[in-house]
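Dear colleague,

I am handing over the structure we spoke about, and I would be glad if you looked at it before reading on. My notes on what was found come after it.

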Amino acid sequence: MGLLKPTSGEFFVDNFDLYKKANSNYLYAWRKLIAHVPQNIFLNDSTIAENIAFGIDYKDIDFKKVRSVSQKAEIDYFIKKCANEYNEKVGERGIRLSGGQRQRIGIARALYKNKKILIFDEATSALDNSTEFKVMNSINKLNRDLTFILVAHRLSSLKDCDRILKLENGKFIS
């Protein structure tokens, strides 16, 4: 994601070394293209909608888009069962939700941002196999111009990937 400067080597995107001083504007542009879904999702003590549209003022939230990304992240069925639906409070750090529900809100958040590159860092690890299958199937239906970078231990998460790289001892081996 370009958050840490390499301690050795170079980091190129589209033939630009992002850490070369003359290319600092490219590093900033690169970062703006990315939405990240970490393994542990940070949730505010606010509503589901506010957590999906994280960082957006409540009055500016596009609720149609929130519902759409919730469907793609396979969390909408849960939200519709909540007393206040999208205005349901999640509690501090999402304490009122299961780990899988928190992860699906994180996935919806990344989709809401509408970026060109989505990085899933063990983003489906807390999901059961059936829900993971549904989430990945939904993601596979998204715009093919999107770039997904999936970090996963479960091979089932990677079955539809165009390219799989294996990292071992800090080096790519395949």
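The notes below go from the overall build to the interior and then to the surface.

Please keep in mind throughout that this is a predicted model. The protein has six helices and seven strands, and from the N terminus on these elements follow one another in the order β-β-α-β-α-α-α-α-β-α-β-β-β. Taken along the principal axes, the C-alpha atoms fill a box of roughly 55 × 35 × 30 Å. The radius of gyration is 17 Å, which agrees with the value near 16 Å that a compact globule of 174 residues would have. Of these 174 residues, 38% are buried.

Turning to the interior, the largest nonpolar core has 32 residues, and the members that touch the most others are Ile 48, Ile 52, Val 66 and Ile 107. At least two residues of this core come from each of strand S3 (34-37), helix H2 (48-52), helix H3 (63-72), helix H4 (76-81), helix H5 (99-112), strand S4 (117-121) and helix H6 (129-140), with H5 giving the most, namely six residues. Another core, of eight residues, lies apart from it and includes Val 13, Trp 30, Ile 117 and Ile 119.

As for the cysteines, the structure holds zero disulfides. Cys 82 is buried, because its relative accessible area of 12% falls under 20%, whereas Cys 161, at 27% relative accessibility, counts as partly exposed.

The structure also holds six salt bridges. One of them joins the side chains of Asp 60 and Lys 59, at 3.3 Å from N to O; here Lys 59 counts as exposed at 68% relative accessibility, while Asp 60, at 46%, counts as partly exposed. Together with Asp 57, these two residues are linked in a network of salt bridges. Elsewhere, Arg 93 pairs with Glu 92 in a salt bridge whose closest N and O atoms are 3.2 Å apart, and both Arg 93 and Glu 92 are exposed. In the salt bridge between Lys 166 and Glu 168 the closest N and O atoms are 3.7 Å apart; Lys 166 counts as partly exposed at 46% relative accessibility, and Glu 168 counts as partly exposed at 37%.

Finally, Met 1, Leu 3 and Leu 4 make a nonpolar surface patch of about 330 Å². Within this patch, Leu 3 lies in the segment before strand S1 (12-13), and at 58% relative accessibility Leu 3 counts as exposed.

With kind regards

Technical notes. Residues numbered from 1 in each chain as written. Predicted model: local features only at pLDDT ≥ 70, side-chain atom pairs only at ≥ 80, totals over all residues. Heavy atoms only, no water. Patch = residues over 30% accessible without salt bridge, like charges linked within 9 Å, V, L, I, M, F, W, Y side chains within 5 Å. Areas by Shrake-Rupley, 256 points an atom, 1.4 Å probe, with all protein chains shown as cover. Salt bridge = Lys/Arg side-chain N within 4 Å of Asp/Glu carboxyl O. Helix = DSSP H or I, 4+ residues; strand = E, 2+ residues; numbered from the N terminus. Buried < 20%, exposed > 50% of the residue type's maximum accessible area, 1.4 Å probe, protein only. Disulfide = S-S within 2.5 Å. Core = buried A, V, L, I, M, F, W, Y, C linked by side-chain atoms within 4.5 Å. Rg over C-alpha atoms; globule rule 2.2 N^0.38 Å.
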